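Visitor: I've got the sequence and the model open side by side. Can you walk me through a few spots?

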Amino acid sequence: MTDGPLIRVENLKKYFPFKESLFSRKVKYLKAVDGVSFSIKKGETLALVGETGSGKTTTGRTIMRLYEPTGGKIYFEGKKITKLPKKKFQKIRMQMQMIYQDPYSSLNPRMSILNIIAEPLRQLKVENIEDRVLELLESVGLSKEHMYKYPDEISGGQQQRVAIARALAVNPKFLVLDEPTSALDVSVQAQILNLLENLQKDKNFTYLFISHDLSVVRYISHRVAIMYLGKVMEIGTVEQIFENPQHPYTRILLESVPIPDPKDRRRKKLVLPGEIPSPLNPPSGCPFHTRCPFAKDICSEKEPDYVEVENGHLVKCHFVEVMK
Ligand code: SF4
């Protein structure tokens, strides 16, 4: 890992307009991402964690500008890219690639693996395309025998390796990995995680790793941001989050998965009641107050600020100190 953020987002917002009914004139907004800030250093992995509807995937897509942000700023290597015209952004966009949860649907079933990986290379007018495709296949643990196959002739794990090889074809610096192992068998998951880790070591890649699986996140990440209804509730290093979680939501999430944490035995077990509220109609004040076992009156009235409980460990809660 080297110093200096590759990616920085400041107060990022993505709102989707919707109408409550077909005949309604009033446009309301679904606040999928609502004031998210973080940075990721070169060679670092930041995990975005949360339940379905927390806004983690929308955050990833908005950073890539697959969705245009509603507000806030995005910086890539110190350069503001939020409002960069499409043509100018295109060059930077090449350095940012996305890997999806379901590799099969991200690969064209009518194209051979050779052509899938060659496509971006042709756009870049790379010479000796077959040699370069073979090099890329080998860098993700595949070989020449896979080159002439089609996506449905290889396994799910191999399909994800092909998707990674195609992303690497344009020499990216930043990869958004959107649940890249959750559609795979457990044994294959570990292989893909190892591959991603080794590629990061070799090429100093920067990852935004989107996941709901805390054991995977603990294994792969350097830092973790816990999201709830479009906001980051807690952010810190993997040690700070897993060994000293401070936000009630983080604590409940950690207690709901079988991760050994001897310190937690001293604490009362917390249970997460009910479902995540609809982002169409989020609770006032602290968005977690409808499910939080520590909620007081102020929690529904005022949104909490971030409290820095240790270096770089931020928690969005009115009562952090009280709950220790
Ligand atoms: Fe719970 Fe209140 Fe803290 Fe929100 S601000 S997490 S409702 S105690």
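Visitor: Which residue in β8 is the bridge partner of Ala-47?
Guide: Keep in mind that this is a predicted model. Strand β3 covers residues 45–49, and 5 bridges join β3 to β8, residues 206–211, with the two running parallel. Within that pairing, the β8 partner of Ala-47 is Phe-209.

Visitor: And which residue stands opposite Ala-47 in β9?
Guide: β9 takes in residues 223–228, and it pairs with β3 in the parallel sense over 4 bridges. Across from Ala-47 in β9 you'll find Val-224.

Visitor: How many residues of β3 are buried?
Guide: Go through the strand by direction: Thr-45, Ala-47 and Val-49 point one way, Leu-46 and Leu-48 point the other way, and all are buried. Buried here means under 20% relative accessible area. So β3 is mostly covered, and the count of buried residues is 5 of 5.

Visitor: Let's move on to β12. Which residue of β12 stands opposite Ile-235?
Guide: Ile-235 belongs to β10, residues 231–237, and β12 spans residues 313–316. These two strands pair in the antiparallel sense over 2 bridges. Opposite Ile-235 sits Leu-314.

Visitor: What about Val-307, which residue in β12 does it stand opposite?
Guide: β11, residues 306–310, runs antiparallel to β12, and 4 bridges join them. In β12, the residue facing Val-307 is Val-315.

Visitor: Which residue in the hairpin of β11 and β12 takes a positive phi?
Guide: That hairpin has 2 residues between the strands. The positive phi is near 80°, and the residue that takes it is Gly-312.

Visitor: Now the ligand. How do the residues of the shell around it divide into nonpolar, polar and charged?
Guide: The space taken by the ligand is the largest cavity. Among the residues surrounding it are Pro-248, Phe-294, Ala-295, Pro-304 and Phe-319, along with Cys-286, Cys-292, Cys-299 and Cys-317. His-247, His-289 and His-318 are there too. The split is 9 nonpolar, 3 polar and no charged.

Visitor: Is Cys-299 buried or exposed?
Guide: Cys-299 is one of the residues around the ligand, and so is Cys-292. The cut-off for buried is under 20% relative accessible area. Cys-292 comes in at 16%, so it counts as buried. Cys-299 has 8% relative accessibility, and therefore the verdict is buried.

Visitor: With those cysteines around, how many disulfides does a search of the whole structure find?
Guide: A disulfide would need a pair of cysteine sulfur atoms within 2.5 Å. Searching the whole structure for disulfides gives a count of 0.

How values were computed: Residues numbered from 1 in each chain as written. Predicted model: local features only at pLDDT ≥ 70, side-chain atom pairs only at ≥ 80, totals over all residues. Heavy atoms only, no water. Pairing = 2+ DSSP bridges. Buried < 20%, exposed > 50% of the residue type's maximum accessible area, 1.4 Å probe, protein only. Near = heavy atom within 4 Å. 1 Å grid on protein atoms, 1.4 Å probe; cavity = no way out; pocket = protein on both sides within 12 Å on 5 of 7 lines; lining within 4 Å. Sits in = over half its atoms within 2 Å of the grid points. Nonpolar A, V, L, I, M, F, W, Y, C, P; charged D, E, K, R; others polar.
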